[in-house]
Each structure stands twice: as C-alpha cells, then as structure tokens.
Amino acid sequence: MAEQTISLQYPIDGNNFTIAGQASSNIKKVLKQLGIAPEIIRKAAISMYEGEINTIIHGKGGEADVTITSDTITIVFRDKGPGIPDIAKAMQAGFSTATDEARELGFGAGMGLPNMKKYSDELSIESEVGHGTTVTLVIRLR
C-alpha cells in the first residue's frame with residue numbers, strides 16, 4: 001500500500017441489530033481493494049464485528065473510527081453507554097451483561113472483548129462508569 005492514510009467513520013445505532021455487521025463488511029471490502037493480506041483482513045473484520053456488536057448491545061450506540069496506514073489498521077469504538085465497572089472481568093471469556101433480547105437474537109455470549117483481544121495486536125480500553133467506553137484496537141500490517 002502506498003504511503004497514505006485512509007480515515008473512515010461509522011455511526012453505530014444502539015439496539016439496532018438489523019444493521020449489525022455493516023461496518024465490518026465495509027471494512028473488509030476496503031481492505032480487499034487495498035490489497036491487504038487475507039489473514040489481516042480476517043483479523044480486522046472479526047475485531048470490527050465484535051466491536052460493533054458490543055457497541056450496540058452494551059454501549060447503546062456510538063461510533064467507530066477506522067484509520068488505515070501503510071503499517072496499521074487502528075479501530076476506535078466510542079460509546080456513551082453505562083461504562084464497564086470491572087474491565088478484567090469483562091475480558092473473561094463467557095462473561096456477559098447482555099440483555100435477554102440480545103441473547104434471544106444469538107448475541108451476548110461473552111466473547112466480544114476476548115475475541116477483539118485475540119484478533120488484534122494491541123487492545124486498550126478506557127471506561128468510566130456512567131460516561132461510556134472507548135476501545136482502541138491496532139492491527140499491524142507487517
């Protein structure tokens with residue numbers, strides 16, 4: 001990829017499960033057009049999808065900012081949800097605070113944050129109870 005920076009922003013509508021995955025599908029298409037390696041595309045698409053779902057279910061909506069450079073894909077999810085009281089607990093596979101509605105739709109298995117960590121090279125979470133959460137993911141291209 002030539003030396004350029006691509007910045008994309010996706011609004012994420014809270015509790016709208018019908019559009020869940022649209023941003024990750026778009027990112028997948030953009031990365032394919034840029035000639036990014038399939039294994040990197042897979043990591044980015046999975047991380048993006050998990051973040052979208054978490055933002056819908058737990059964050060009550062928000063936004064995702066994606067920055068693609070010649071070295072990295074950086075994805076930042078921001079929401080104004082209730083925040084995460086115990087980040088270490090939220091990182092445990094299977095832990096979930098998803099609503100019954102989300103679970104009935106097949107979401108909320110407690111794998112969102114663990115999968116985001118697994119499929120990214122860097123993960124950071126900033127959260128304040130009552131004020132929302134920012135999750136930053138970095139996926140290296142090399």
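**Close-up views of a predicted model**

**View 1. Lysine 60 lies in the loop that runs between helix H2 (38-57) and strand E2 (61-68).** In this predicted model, lysine 60 has a positive phi of about 60°, although it is not a glycine. Most residues other than glycine have a negative phi. The side of the picture that concerns solvent is intermediate, because lysine 60 has a relative accessible area of 48% and is therefore counted as partly exposed.

**View 2. Five strands form an open sheet in the order E1-E2-E3-E5-E4, with antiparallel pairing.** The edges are formed by E1 and strand E4 (122-128), each of which pairs on one side only. Neighbouring strands of this sheet are turned against each other by 10° on average, when direction is ignored.

**View 3. E3 and E5 pair in the antiparallel sense over seven bridges.** Within this part of the sheet, valine 76 stands opposite threonine 136 in E5.

**View 4. The helices H1 and H2 pack on the sheet.** H1 touches E1, E2 and E3, and its direction makes about 165° with that of E1. H2 touches E1, E2, E3 and E5, while its direction makes about 5° with that of E3.

**View 5. The largest nonpolar core has 35 residues, and those with the most contacts inside it are Leu31, Met48, Val66, Ile73 and Phe77.** The elements that give two or more residues to this core are strand E1 (6-13), helix H1 (22-33), H2, E2, strand E3 (72-79), helix H5 (112-118) and strand E5 (132-140). H2 gives the most to this core, with seven residues.

Definitions and conventions. Residues are numbered from 1 along each chain as its sequence is written. This is a predicted model: local features need pLDDT of at least 70, side-chain atom pairs count only at pLDDT 80 or more; totals for chains, interfaces and linings use all residues. Side-chain values use heavy atoms; hydrogens and water are left out. Helices (H or I, at least four residues) and strands (E, at least two) are DSSP runs, numbered from the N terminus. Buried means under 20% relative accessible area, exposed over 50%, partly exposed in between (1.4 Å probe, protein chains only). A nonpolar core is a set of buried Ala, Val, Leu, Ile, Met, Phe, Trp, Tyr and Cys residues joined through side-chain atoms within 4.5 Å. Two strands pair if DSSP finds at least two bridges between them. Axes are lines fitted to C-alpha atoms, for helices over the stretch in contact, and angles run from 0 to 180 degrees between N-to-C directions. Contact means heavy atoms within 4.5 Å.
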